[in-house]
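Here are a few exercises to work through with the model open in your viewer. Try each task before you read its solution.

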Amino acid sequence: MSSAPIRLHVPPPFELWLVSLASPAGGADLDLLDDAERARSARFHFERDRGRYVVAHAALRRLLAQRTAHDAAALVIEAGPYGKPYLAHARRCAFSLSHCEDLALVALA
């Protein structure tokens, strides 16, 4: 599977994207993450897990940037009272990220 996300067919207004986490994270991926995401990635014990985290979160930021017309690195992702993440400047853009082994699934609405 290539590193580019693959769009899965679901009815609007939803989008599902399949992301391969098998490719190693690059500097461009790490540059997209905010300080909190970089700090969290640094806490992973295994390089493989750190790379998967970075690739998944960079892909999420790229997809959100496409939908909101904002710079991926400038997106501010905050957490609600129960830990659910949301975009600080685009609260109507709902999203979810799930990953397991070498695959991630990003849902947008």
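**Exercise 1. Search the whole structure for aromatic pairs and describe what turns up.**

Step 1: the search returns one aromatic pair. Rings of Phe, Tyr and Trp (its six-membered ring) pair if their centres lie within 6.5 Å; planes under 30 degrees apart count as stacked, over 60 as edge-to-face and the rest as tilted.

Step 2: the partners are F44 and Y53, 5.4 Å centre to centre with 45° between the planes, so the pair is tilted.

Step 3: check burial, where buried means under 20% relative accessible area, exposed over 50%, and partly exposed in between (1.4 Å probe, protein chains only). F44 is partly exposed because its relative accessibility is 30%, while Y53, at 5%, is buried.

Before going on, some ground rules: this is a predicted model, so local features need pLDDT of at least 70 and side-chain atom pairs count only at pLDDT 80 or more, while totals for chains, interfaces and linings use all residues. Residues are numbered from 1 along each chain as its sequence is written, and side-chain values use heavy atoms, with hydrogens and water left out.

**Exercise 2. Place E15 and find what its side chain reaches.**

Step 1: E15 sits in strand β2, residues 15-20. Helices (H or I, at least four residues) and strands (E, at least two) are DSSP runs, numbered from the N terminus.

Step 2: is E15 buried or exposed? It is buried, because its relative accessible area is 13%.

Step 3: the E15 side chain makes a polar contact with the side chain of R67 at 2.8 Å. A polar contact is a pair of N or O atoms within 3.5 Å; within protein, one must be able to donate a hydrogen and the other to accept it, and residues adjacent in sequence count only if both atoms are side-chain atoms.

Step 4: leaving aside neighbours within four places in sequence, E15 is in contact (heavy atoms within 4.5 Å) with R7, V10, R67, V106, A107 and L108.

**Exercise 3. Do the same for T68.**

Step 1: T68 belongs to helix α3 and counts as buried, because its relative accessibility is 15%.

Step 2: its side chain reaches the backbone oxygen of L64 at 2.8 Å.

Step 3: with neighbours up to four places away in sequence set aside, the contacts of T68 are L75, L87, H89, A90 and C93.

**Exercise 4. Look for unusual backbone geometry.**

Step 1: recall the background: most residues other than glycine have a negative phi, and most peptide bonds are trans.

Step 2: which residues does a cis peptide bond join? P12 and P13, with omega at about 10°; P13 is in the loop between β1 and β2.

Step 3: A69 is not a glycine, yet has a positive phi of about 60°. A69 lies in the loop between α3 and β3 and is exposed, because its relative accessible area is 72%.

Step 4: E101, also not a glycine, has a positive phi of about 55°. E101 falls in the loop between β5 and β6 (103-108) and is exposed, because its relative accessible area is 56%.

**Exercise 5. Locate P5 and its partners.**

Step 1: P5 comes in the segment before β1 (6-8) and is partly exposed, because its relative accessibility is 29%.

Step 2: P5 and L105 are 100 residues apart in sequence, but 9.1 Å apart in space, C-alpha to C-alpha.

Step 3: P5 touches W17, L18 and V19, not counting residues up to four places away in sequence.
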